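User: I should like to understand how the descriptive terms applied to this model are justified. Please set each value against its criterion.

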Amino acid sequence: MIGAARPAQGKAGTILLVVTGVVVAATFLLVPPIPQDPAYHRFADTRALFGVPNFWNVATSLAFSVVGGAGLVRLARDARRGVRFETAEWLFCTAVLLVGPGSAGYHLAPDNATLFWDRLPMTVGFMAFTSALLGDTLGEKFGRRALWPLVAVGVVAALYWRVTEQAGAGDLRAYGLVQFLPLLMVPALVAWCGLRTFRVRYLGLALGSYLIAKGAEMTDSTLFELTNGVGGHALKHVLAALACGFVVWLFVGRHGRPGGGSEGGAG
């Protein structure tokens with residue numbers, strides 16, 4: 001029965017919950033609080049263009065809105081033809097759309113206050129993707145039930161970071177878990193349960209693009225110097241938006257063509 005977890009999936013779900021609980025507990029018991037490094041706000045490319053400070057970091061942020069908006073248009077088009085998308089899929093595209101103005105606003109005036117509005121929709125997007133992944137590997141019912149608790153966890157993690165920063169004792173541990181635990185869960189869930197309708201190809205492309213984007217972010221100044229003008233952070237925006245595009249295509253492909261054959265599966 002589609003949507004119901006098989007026994008092996010149920011066992012994997014239990015293991016996943018236990019392991020996640022252990023990781024979260026260990027993080028908060030063994031790792032000291034992690035404040036936001038003020039150097040994070042100092043990007044290599046600060047050039048202004050058309051009167052816009054940090055132009056390229058601002059402009060490339062809008063790639064997220066393009067991908068999220070295109071995703072919503074595609075989902076709406078297929079929905080009119082009879083495809084039933086999950087709430088998590090709609091929410092993911094909406095969150096990606098909102099990352100655009102959140103990130104652009106942050107790069108216009110980089111500080112912790114504006115960074116919060118960049119990270120808030122990102123956490124919602126991470127959690128929506130996680131819910132969709134859980135639904136495909138552990139059963140649709142499991143994924144649906146997990147969606148709003150996961151979103152709540154993501155929002156609380158972002159709020160926790162903001163409140164602790166305002167109190168002078170910033171702590172990024174919860175936000176870090178929200179961002180990186182889903183990345184660790186992808187190979188674990190695929191190995192334990194396999195995929196029912198997600199295509200490995202697009203999942204791998206999404207994960208790979210995102211990891212390369214994080215690499216570009218961490219080598220912002222180096223890339224700016226090597227390329228004589230292309231900052232790693234601007235490149236990170238483009239690659240991360242590309243990763244989101246692969247996730248949208250993952251959602252579209254799993255439902256197949258309206259009125260036609262399925263494109264889903266693990267191939």
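User: Which residues lie nearest the centre of the largest cavity, and how many residues line it?

Analyst: This is a predicted model. The largest cavity is lined by 27 residues, and Phe-92, Phe-126, Tyr-210, Ala-240 and Cys-244 lie nearest its centre. Two or more lining residues come from each of α3 (87-108), α4 (112-138), α6 (173-193), α7 (200-218) and α9 (232-254). The largest share, seven residues, is supplied by α9.

User: What makes this space a cavity, and what is its volume?

Analyst: The term cavity requires points where a 1.4 Å probe fits but cannot get out. A search of the whole structure finds one cavity of 30 Å³ or more, and the volume of the largest cavity is about 420 Å³.

User: What is the make-up of the lining by class?

Analyst: The lining of the largest cavity has 20 nonpolar, five polar and two charged residues. Tyr and Cys count as nonpolar in this scheme, so Tyr-210 and Cys-244, which are among the residues nearest the centre, fall in the nonpolar class.

User: Why is Gly-176 called partly exposed?

Analyst: Gly-176 has a relative accessible area of 21%. Buried means under 20% and exposed means over 50%, so a value of 21% falls in between and Gly-176 is partly exposed. Gly-176 is found in helix α6. In space, its C-alpha is 9.5 Å from that of Ile-34, although the two residues are 142 apart in sequence.

User: How is the packing of α6 and α7 described, and which residues meet there?

Analyst: Two packed helices are described by the angle between their axes and the distance between the axes. For α6 and α7 the angle is about 145 degrees and the axes are 12 Å apart. Their crossing is left-handed. On the α6 side, Gln-179, Phe-180, Leu-183, Val-186 and Val-190 meet Leu-203, Leu-207, Tyr-210, Leu-211 and Lys-214 of α7. By class, this contact has eight nonpolar, one polar and one charged residues. Lys counts as charged, so Lys-214 is the charged residue of this contact.

User: What is the secondary structure of the chain, and what percentage of its residues is buried?

Analyst: The chain comes to nine helices and zero strands, and read along the sequence its pattern is α-α-α-α-α-α-α-α-α. Of the 267 residues, 49% are buried. Among contacts between residues at least 6 apart in sequence, 75% join residues at least 24 apart.

Conventions: Residues are numbered from 1 along each chain as its sequence is written. This is a predicted model: local features need pLDDT of at least 70, side-chain atom pairs count only at pLDDT 80 or more; totals for chains, interfaces and linings use all residues. Side-chain values use heavy atoms; hydrogens and water are left out. On a 1 Å grid over the protein atoms alone, a cavity is a set of points where a 1.4 Å probe fits but cannot get out, and a pocket is an open set with protein on both sides within 12 Å along at least five of seven lines; lining residues have an atom within 4 Å of a point. Grid points are joined across faces, edges and corners, and a volume is the space filled by probe spheres set on the points. Helices (H or I, at least four residues) and strands (E, at least two) are DSSP runs, numbered from the N terminus. Axes are lines fitted to C-alpha atoms, for helices over the stretch in contact, and angles run from 0 to 180 degrees between N-to-C directions. A crossing is left-handed if the near helix is turned anticlockwise from the far one by less than a right angle, and right-handed if clockwise. Contact means heavy atoms within 4.5 Å. Buried means under 20% relative accessible area, exposed over 50%, partly exposed in between (1.4 Å probe, protein chains only).
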